[in-house]
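Biologist: Could you walk me through this structure at the bench-side level? I would like to hear about the metal site and the charged pairs.

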Amino acid sequence: MSGPRAKGAAPTADRLIVGIGQLVTPAGPGAKRGPQQADLQVLDDAALAVTDGFVSWLGPAVAWNGVARDEVDLGGRGVVPGLIDPHTHLLWAGDRFDDLEARLAGVPYQRILARGGGIHATVRATAAAPRSELLRASRARLADLVASGATTVEVKSGYGLSVEGELAALEAIATLRAEAAVRVIPTLLIHLPDPDDRLGHLQAVIERLIPDVAARGLAARLDVFVEREAFSPREAERILRSGRAHGLDLTLHADQFHAIGGVDLAVRLGARSVDHLEASGVEQIDILAQGSAVATLLPGVSLELGLPGAPGRALVDAGVPVALATDLNPGSSPLHSTTLALALSLRLNRLRPAEALVAGTVNAAAALGLADVGWLGVGARADLLVLPEPDWRALLHGLGGPGPLEVWAAGRRVDRHAPGPERGAVGLEPS
Ligand code: NIG
Ligand code: FE
């Protein structure tokens with residue numbers, strides 16, 4: 001471990017944050033693999049200057065000789081970068097309590113899906129819900145993730161299924177994005193084939209949905225669920241190639257239950273990330289180690305469905321960059337805390353705390369193709385967490401707490417109690 005260097009000329013800043021007892025961060029942008037996955041820089045008694053929402057200076061507090069319009073003292077608390085949650089399905093309506101009861105009675109998740117429940121049930125409930133209700137419920141989930149420390153949250157469509165349903169979902173995500181204090185990254189998810197018209201649906205996705213989404217800028221990322229109950233690798237390849245032709249970044253749900261070729265496809269097509277991997281074995285780990293995709297693990301799914309955890313330890317040891325996400329959804333991962341996703345990875349994927357922090361920050365940013373978040377240094381967005389305990393590992397040792405004391409986005413405290421018409425309003429302190 002070494003300390004980040006003080007960088008940047010003595011400047012004028014909008015704000016200076018002082019009283020940082022210890023700042024812990026990945027060194028800079030880009031996916032970290034192998035031993036680098038555990039590499040954190042530590043700076044004691046630090047100060048951080050913010051200009052236009054970005055870090056304009058970072059170094060030992062005694063070395064600051066600039067001018068700041070405003071100064072905030074953290075009183076010796078620790079700081080880490082804001083967490084990045086690179087895989088969520090938080091836009092949904094309805095509930096899956098009946099599925100939960102069925103699963104608890106022994107019916108497997110896939111059987112519930114095959115008989116028209118599961119994801120199909122959420123598709124029906126989402127289509128039936130008034131838009132205001134869909135937004136109210138989703139806003140509250142986003143607020144939960146932010147309270148847990150997420151300052152960038154990916155949100156997938158995927159409960160729309162039809163062309164019109166998916167477009168409506170992405171429009172709702174655009175509304176969340178416009179009003180949120182944190183960064184929201186939309187993804188078009190092609191979740192399940194239409195059981196009544198598999199070919200026609202595929203054709204509509206390729207000929208109408210993807211071109212429309214790309215042309216309207218509703219999402220810059222495309223995801224496909226590759227699984228026995230969902231799309232075959234061949235079908236997924238057609239969808240993904242079409243997305244790429246329209247300039248979309250690619251990601252996949254692969255190897256959740258069966259390793260049927262999703263990993264191979266992701267690496268062949270140069271996907272930015274491949275997510276799930278609970279069923280991946282030595283062969284898939286080898287393929288990933290040859291490629292550049294980030295492996296995004298979702299420990300909430302292992303916990304909820306009682307599946308073995310994805311082989312996080314083996315992936316890191318093989319030199320595959322590993323990221324972590326909540327996969328927040330009503331079926332396989334009702335996990336409303338990004339911090340808890342990291343904490344679970346220590347237990348279910350055998351990551352070390354430093355590896356998990358890198359997985360939940362800079363590697364998660366890389367999975368989304370983002371270079372200005374997931375680390376703290378000059379040029380990064382001033383997204384950070386103020387820690388409840390002097391040692392940052394407290395955040396990952398506890399289960400369900402202690403969470404971050406404060407969450408900052410673009411250099412301003414996110415006010416969890418901002419006045420708003422509904423629970424979950426995510427406001428900023430007045431500037
Ligand atoms: O990431 N695997 C497919 N999609 C989601 C589950 C969605 C649901 O059950 O509603 C996942 O696990
Ligand atoms: Fe998912």
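Modeller: Here is a short run of questions and answers on the metal site and the salt bridges.

Modeller: This is a predicted model, in which local features need pLDDT of at least 70, side-chain atom pairs count only at pLDDT 80 or more, and totals for chains, interfaces and linings use all residues. Residues are numbered from 1 along each chain as its sequence is written, chains are lettered from A and ligands numbered from 1 in the order in which they are written, and side-chain values use heavy atoms, with hydrogens and water left out.

Biologist: Which residues are the protein donors of the iron ion (ligand 2)?

Modeller: Donors are N, O and S atoms within 2.8 Å of the metal (3.2 Å for Na, K and Ca), and since water is not among the atoms, sites may look incomplete. Along the chain the donors follow the spacing H-x1-H-x163-H-x73-D. Lying 2.0 to 2.4 Å from the iron ion, they are His87 (NE2), His89 (NE2), His253 (NE2) and Asp327 (OD).

Biologist: How many residues apart in sequence are the parts that His253 and Asp327 tie together?

Modeller: Helices (H or I, at least four residues) and strands (E, at least two) are DSSP runs, numbered from the N terminus. His253 sits in strand β11 (residues 249–254), while Asp327 is in the loop between β14 (322–324) and α12 (338–348), so the parts tied together are 74 residues apart.

Biologist: Is Asp327 buried or exposed?

Modeller: Buried means under 20% relative accessible area, exposed over 50%, and partly exposed in between (1.4 Å probe, protein chains only). His253, at 2%, counts as buried. Asp327 has a relative accessible area of 1%, so Asp327 is buried.

Biologist: How many salt bridges does the count come to?

Modeller: A salt bridge is a side-chain nitrogen of Lys or Arg within 4 Å of a carboxyl oxygen of Asp or Glu. By this rule, the count is 22.

Biologist: What is the relative accessibility of Arg69, which forms a salt bridge with Asp14?

Modeller: The closest N and O atoms of Arg69 and Asp14 are 3.3 Å apart. The pair links distant parts of the chain, 55 residues apart. Asp14 is partly exposed at 25%, whereas Arg69 counts as exposed at 71%.

Biologist: Which residues are linked with Glu154 and Lys156 in a network of salt bridges?

Modeller: Glu154 and Lys156 meet in a salt bridge of 2.8 Å, N to O, and both are buried. The network links them with Arg221 and Asp223.
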